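Colleague: Please show me the model, and then let us go through the terms used to describe it.

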Amino acid sequence: MSNVHELTFLKEKIQELKDQGVFRKLPVLYSPNEAEIILDGKKVINLSSNNYLGFSNHPRLKKASIEAIEKYGAGAGAVRTIVGNMGIHEELEELLAKFKREEAAFIYQSGFNCNAGTIQAITEAGDIIISDELNHASIIDGARLSKADKAIYKHSDMNSLEEVLKKNREQYKNILIITDGVFSMDGDIAKLPEIVELAEKYQAMTYVDDAHGSGVLGESGRGIVDHFDLHGRVDFSMGTLSKAIGAIGGYVAGSQTMYDWLNHRARPVLFSTSLPPGTIGAIIEAIKMLMESTKYTNRLWDNSRYFKEKLGKLGFNTGKSETPITPVIIGEEAKAMEFSRRLLNHNVFVSAIVFPTVPKGTGRVRCMVTADHTKEQLDIAVEAFKKVGNEMGIL
Ligand SMILES: *Cc1c(COP(=O)(O)O)cnc(C)c1O
């Protein structure tokens, strides 16, 4: 028998990855994550970040972050429920509630643990969680941590959702319907008004994960609930502070009742140290910037329309995107990866996304347009797409 410390079972699995050609090294960034980056030592146009508004390296966020560090220090020093709840955490929650036009907002250290912690805390045995089949991994994990039963409906298929509701309404106490707000692989928007209608018809609660809608949809980035004017009709409106907002963290906005319960039962808040002051300072500044002006979101949408239109005119298939997420669907997995490699030769970085993340045969490169890109950078990227499309016989 081999020595237990050799982790032979993992070595075997790693070898399998290598045999399948999917073992990889991570690209390394040597600059802030902006429209143009230094990637593995090379200057390239970046069409892969979630830094939608260009906030992650914004001078105002950096200044606010430094000021918060000067006042409160580098770390919060404890979990919130002991002595890690600083004035700055409370200030952020009040500001977020106002921004989201909800009674209250409860913050977490990341969007991921917001989903994992909230879903578990608000459901129990005797309840059922009904989830869109394409929901994010953190929702799936949150549902797994819950003692509630689970059911899946077909992606954005309201007949399928109603069937599941009808079949289960009688057996369960509470029903929680969960959906992503914007689906990150295709950029399509959840049919939230119809979901809310069905939820009201069957007396179910609703939970939306607005990771890619926060800072993107709605008035000045208030999110999907604002976009569809559904205030007061979605029980749990979750968002991230790590994508458009440019820092890290997550929150769920909703009622004061929701807040009071999470404050006692959300495990990531009870058992993990609260967000560091510097991060909170940056987030507060970002939310203030959005409340002051729509110029950031306007530029984001202007840029994404511009880019999408140009790619469409060339003959690329950008799928069913309704947001700045712009997939360019290539088809075969190997071809999508080759497309991405060739774009990089032209100094444009767009990551390839293939099976099992998306269905077989729908391999794609996924472009994330931001407010930070100049029209000139977008033109250069489009030119690279054209060259590679011709080289590979796609156009
Ligand atoms: C990115 C993402 C998350 C996780 O958010 P983080 O703040 O990065 O942890 C959760 N849900 C969805 C849909 C996401 O895209």
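Modeller: A backbone N or O atom of phenylalanine 112 lies 2.9 Å from an oxygen atom of the ligand. This is a predicted model, in which local features need pLDDT of at least 70, side-chain atom pairs count only at pLDDT 80 or more, and totals for chains, interfaces and linings use all residues. Residues are numbered from 1 along each chain as its sequence is written, and side-chain values use heavy atoms, with hydrogens and water left out.

Colleague: What makes the approach of aspartate 209 to the ligand a polar contact?

Modeller: A polar contact is a pair of N or O atoms within 3.5 Å; within protein, one must be able to donate a hydrogen and the other to accept it, and residues adjacent in sequence count only if both atoms are side-chain atoms. A polar side-chain atom of aspartate 209 lies 2.6 Å from a nitrogen atom of the ligand, so the pair falls within the 3.5 Å limit.

Colleague: Why is helix 6 called roughly parallel to helix 7?

Modeller: Helix 6 (residues 158-168) packs against helix 7 (residues 192-201) at an angle of about 20°. Angles under 35 degrees count as roughly parallel, over 145 as roughly antiparallel, 65 to 115 as roughly perpendicular and the rest as oblique; therefore helix 6 is roughly parallel to helix 7.

Colleague: Why, then, is helix 13 called oblique to helix 14?

Modeller: The axes of helix 13 (residues 333-345) and helix 14 (residues 375-391) cross at roughly 130°. That angle belongs to none of the three named ranges, so helix 13 is oblique to helix 14.

How values were computed
Axes are lines fitted to C-alpha atoms, for helices over the stretch in contact, and angles run from 0 to 180 degrees between N-to-C directions. Helices (H or I, at least four residues) and strands (E, at least two) are DSSP runs, numbered from the N terminus.
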